[in-house]
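Thank you all for coming; I would like to walk you through one model slowly, starting with its open spaces and ending with its sheet. Please look at the structure as we go.

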Amino acid sequence: MPDAAILMDKMYRHQRHIYDLTRKPYLLGRDYLIESLAPPQGGTVLEIGCGTARNLICAARTYRTTSFYGIDVSSEMLAQAQKAVKRANLASRITLAQGDAAAFDPQQLFGRAHFDRIFISYALSMIPPWQETLARAFDLLAPEGSLHVVDFGDQAGMPNWFRKSLKGWLDLFDVVPRVEIARELKAETRARGLILNHQALYRGYAFHAIARA
Ligand SMILES: C[S@@+](CC[C@H](N)C(=O)[O-])C[C@H]1O[C@@H](n2cnc3c(N)ncnc32)[C@H](O)[C@@H]1O
């Protein structure tokens with residue numbers, strides 16, 4: 001088993017049962033990202049690092065003609081996600097598979113090489129090869145497709161005490177807020193002739209970015 005899978009399984013083996021409830025107050029901006037997806041009729045959406053499938057389920061309820069796909073490296077998280085998808089009666093429109101964000105092959109996993117929308121929600125801050133993950137996501141976009149990212153921001157508008165305690169809390173979960181993501185997104189979008197819309201949310205607590213044609 002690859003290192004990332006071992007690490008994430010260890011992290012989430014027990015937490016997966018309380019994940020959705022406990023993350024709701026601080027993984028901010030996820031619903032905003034879902035609203036921004038607006039996939040075409042009958043289109044396809046992929047989430048990289050889908051966790052418990054919380055986002056995929058919300059999105060599938062919003063966009064009813066869309067097919068959804070999710071990958072995650074943790075089989076523990078995927079077991080939780082499969083249960084939730086089944087409970088929500090969405091197994092016909094949400095397909096999940098195990099894969100490493102920086103190296104998965106969607107053709108092999110889902111029989112599909114490109115997606116109309118790809119999103120990454122609070123996963124880049126947990127993935128050491130986050131640059132490779134971003135590059136992979138761009139490569140998998142269909143023509144006219146868009147990439148949507150939400151994650152921790154630069155905390156610029158937050159008081160020092162808040163920043164410090166948030167960092168202490170996130171360290172417990174191997175989460176590293178990465179201010180460099182904005183720079184990388186800018187470079188990738190420019191190199192690929194795309195347009196980037198990057199927005200700080202909640203005084204810099206989080207950011208939301210969309211790269212599109
Ligand atoms: C903080 S959770 C976010 C889950 C979900 N996206 C959300 O917004 O609720 C991060 C997820 O990324 C997954 N992950 C971490 N490293 C990964 C990797 N290398 N490849 C794929 N998924 C990974 C973890 O297993 C976990 O489910």
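**Pockets, a cavity and a sheet**

The largest pocket holds about 480 Å³ of space. I should say at once that this is a predicted model, in which local features need pLDDT of at least 70 and side-chain atom pairs count only at pLDDT 80 or more, while totals for chains, interfaces and linings use all residues. Residues are numbered from 1 along each chain as its sequence is written, and side-chain values use heavy atoms, with hydrogens and water left out.

Let me define the words. On a 1 Å grid over the protein atoms alone, a cavity is a set of points where a 1.4 Å probe fits but cannot get out, whereas a pocket is an open set with protein on both sides within 12 Å along at least five of seven lines, and lining residues have an atom within 4 Å of a point. Grid points are joined across faces, edges and corners, and a volume is the space filled by probe spheres set on the points.

Which residues come closest to the centre of the largest pocket? Of the 31 that line this pocket, they are Met8, Gly49, Asp72, Ala123 and Ile127. Helix α1 provides the largest share of the lining, five residues; helices (H or I, at least four residues) and strands (E, at least two) are DSSP runs, numbered from the N terminus. By class, this lining has 18 nonpolar, seven polar and six charged residues, where Ala, Val, Leu, Ile, Met, Phe, Trp, Tyr, Cys and Pro count as nonpolar, Asp, Glu, Lys and Arg as charged, and the others, Gly among them, as polar.

The second largest pocket, with about 190 Å³ of space, is lined by 15 residues, and nearest its centre lie Asp20, Thr52, Arg54, Ala84 and Arg87. Here α4 gives the most, with four residues, and the lining comprises seven nonpolar, three polar and five charged residues.

There is also one cavity of 30 Å³ or more, with a volume of about 110 Å³. Its lining includes Tyr12, Arg23, Ser125 and Phe173, and by class 10 of the lining residues are nonpolar, one is polar and one is charged.

Tyr12 brings us back to α1, because Asp9, Tyr12 and Arg13 of α1 meet Ser75, Glu76 and Met77 of α5 in a contact, which means heavy atoms within 4.5 Å. The two helices, α1 (residues 3-15) and α5 (residues 75-87), pack at an angle of about 40°, with their axes 7 Å apart; axes are lines fitted to C-alpha atoms, for helices over the stretch in contact, and angles run from 0 to 180 degrees between N-to-C directions. Angles under 35 degrees count as roughly parallel, over 145 as roughly antiparallel, 65 to 115 as roughly perpendicular and the rest as oblique, and α1 and α5 are therefore oblique to each other.

Finally, the sheet. Seven strands form an open sheet of mixed pairing, in the order β3-β2-β1-β4-β5-β7-β6, and two strands pair if DSSP finds at least two bridges between them. At the edges are β3 (94-98) and β6 (195-201), each of which pairs on one side only. Seven bridges join β6 to β7 (residues 206-212), and these two strands run antiparallel. In the hairpin that they form, with four residues between the strands, Tyr202 takes a positive phi near 50°.
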